[in-house]
Amino acid sequence: MEWKIGNVTIPNQIVVAPMAGITNSAFRVTAREFGAGLVVCEMISDQGIKYHNEKTLGMMFVDPKEHPVSIQIFGGSIESLVQAVKYVDTNTGADIIDINMGCPVKKVTKTGAGSYWLRDPDQLYKAVKSVSSAIKKPLTVKMRTGWDDDHILAVENALAAQEGGACAIAMHGRTKAQMYKGHANWDILHEVAQNVSIPFVGNGDIKTPQDAKMMIEDVGADAAMVGRAVLGNLWRLNAMNHYLETGELLPEPSVAEKINIAKLQLQRLVDLKGEHVGVPEFRQQAAYYLRGIPHAVRTRAKVMEEDTLSEVFDTLDQFVESYEKREARSSKIS
C-alpha cells in the first residue's frame, strides 16, 4: 500500500533501517529490488560533511535505482546539523533527509548526538524546527522510546518532532540503555502511533512477515522498519510485502538462490568501492548469508580470509555444488 512522506510517495510499507557499515548504495539498490519501499543510508556525521571529508561525501552517493532513498545525519549541535542538512538538501540525490536521534552507541551520545537528544523534548523540538526550516526536502526523525526506563519520553519527543516540522517519525521500541538487548516495547510504540498525526514507522524485533503485519495492524504504524533481520535475508522484504498484500507466506529460497543474492551484493559492493575495500567489507555479510545453512562453517572461515572477488565467488560456488550433491545423496537414501 502506497503512503507518503511529505511529497515523496513510498510504494509499500516495508522500510529498511539505516545500519552502520551496511546500508551503503550497493546494499540499498539490492534491498529495493527485493521489495523495500524505502531505504535509508547509514548514518553520516555532520562534522564529516562540515569538513568535506572524502569518505563521508562518498557515503552519500545515491544510485538512480535506489529511489525513494533517505540520507540520515547525526550531530550534537543545532548549528552543525543545520549546516549539514543544507549540504545534503542541495548536493545529493536524497529524496528525504533523516535526523538520527536514536543511536545508543557511547561514542555518538557523548558528543550530544543520537539518543542524547531524547533527554529534553524542548531541545529536540528546537533542533527539528531549525533543521526543517533550512531545507526543501522532507525531514524525518528516527528515535528510541527514551534514554532509560526512568526517562521514557516517547510520546513527548514524537510530538516535539512533529511540531518542529518532521514529516514522519520512526521509533525503535527500545531505550538507549537497552542498546539491542531485551525486547522492543510495542505497547509504547502503539501509544505513540495513537498520538501523532504524521506517518509513524515502527521498528524493533520485526523478523517475520507476521511481525510486519502486527506492527502495522496491531501497533498502528504506517510502515514497518526492518533492520538486522534482513541481513543475509533480503528475500524477506518481498516475503513481508507479499504477506501484507495476500496473507500468504512465501517459501524460503533454496541455498543456491541465497548464495546468488550474496554474490549479487558482493559484485555491487566491488563495483561501488573497488575490490580492495569491497571484498573485506563483504565478509560480515557473507557470514549472515551462510548462517543456519548446514556444513557452512568451513566455507565461512575460508571467505573471511579471501581478498578477491573471484576467490569468494569460487568458494561460494563450490559450497553450493557440494551442498546440492549432499542433498541429492541424502534424498536417495531416504
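In this predicted model, C167 is partly exposed, with a relative accessible area of 23%, a value that falls in this class because burial requires under 20%. A disulfide is a covalent bond between the sulfur atoms of two cysteines. When the whole structure was searched for such bonds, zero disulfides were found. C167 accordingly takes part in no disulfide, and the nearest cysteine sulfur, which belongs to C41, is 19 Å away. C103 is likewise in no disulfide, and the nearest cysteine sulfur to C103, again that of C41, lies at 14 Å. As for its surroundings, C103 is buried, with a relative accessible area of 9%.

Attention turns next to helix α7, which comprises residues 154–163. This helix is mostly covered, in that seven of its 10 residues are buried; the buried residues are A154, V155, N157, A158, A160, A161 and Q162. The elements that cover them include helix α6 (121–134), strands β8 (139–146) and β9 (168–175), and helix α8. Just after α7, the backbone at G165 adopts a positive phi of about 110 degrees.

Two packed helices are described by the angle between their axes and the distance between the axes. For α7 and α8 (residues 186–195), the axes come within 9 Å of each other and cross at roughly 35 degrees, and the crossing is right-handed. The contact is made by A154, V155, A158 and L159 on the side of α7, which meet I188, E191, V192 and N195 of α8. By chemical character, these contact residues divide into six nonpolar, one polar and one charged.

Several loops show backbone features that deserve separate mention. A cis peptide bond, with omega of about 0 degrees, joins H67 and P68, and P68 is located in the loop between α3 (54–59) and β6 (69–74). In the loop between α2 (46–50) and α3 lies H52, whose phi is near 50 degrees, a positive value in a residue other than glycine; H52 counts as partly exposed, at 48% relative accessibility. Positive phi also occurs at H295, where the angle is about 65 degrees although the residue is not a glycine. H295 belongs to the loop between α12 (275–290) and α13 (297–303), and H295 is exposed, with a relative accessible area of 55%.

A search of the whole structure for aromatic pairs returned two. In one of them, the ring centres of Y116 and W147 are 6.0 Å apart and the planes stand at 90 degrees, so the pair is classed as edge-to-face. Because Y116 lies in the loop between α5 (106–109) and α6, and W147 in the loop between β8 and α7, this pair ties together parts that are 31 residues apart in sequence. Y116 is partly exposed, with a relative accessible area of 38%, whereas W147 counts as buried at 17% relative accessibility.

The rings of F319 and Y323 also form a pair, with centres 6.1 Å apart and planes at 40 degrees, so this pair is tilted. F319 and Y323 both belong to helix α14 (residues 309–333), where they are four residues apart, or about one turn of the helix. An α-helix has 3.6 residues a turn, so residues three or four places apart point the same way. F319 is buried, with a relative accessible area of 3%, and Y323 also counts as buried, at 14% relative accessibility.

How values were computed
Residues are numbered from 1 along each chain as its sequence is written. This is a predicted model: local features need pLDDT of at least 70, side-chain atom pairs count only at pLDDT 80 or more; totals for chains, interfaces and linings use all residues. Side-chain values use heavy atoms; hydrogens and water are left out. Axes are lines fitted to C-alpha atoms, for helices over the stretch in contact, and angles run from 0 to 180 degrees between N-to-C directions. Helices (H or I, at least four residues) and strands (E, at least two) are DSSP runs, numbered from the N terminus. A crossing is left-handed if the near helix is turned anticlockwise from the far one by less than a right angle, and right-handed if clockwise. Contact means heavy atoms within 4.5 Å. Ala, Val, Leu, Ile, Met, Phe, Trp, Tyr, Cys and Pro count as nonpolar, Asp, Glu, Lys and Arg as charged, and the others, Gly among them, as polar. A disulfide is a pair of cysteine sulfur atoms within 2.5 Å. Buried means under 20% relative accessible area, exposed over 50%, partly exposed in between (1.4 Å probe, protein chains only). Rings of Phe, Tyr and Trp (its six-membered ring) pair if their centres lie within 6.5 Å; planes under 30 degrees apart count as stacked, over 60 as edge-to-face and the rest as tilted.
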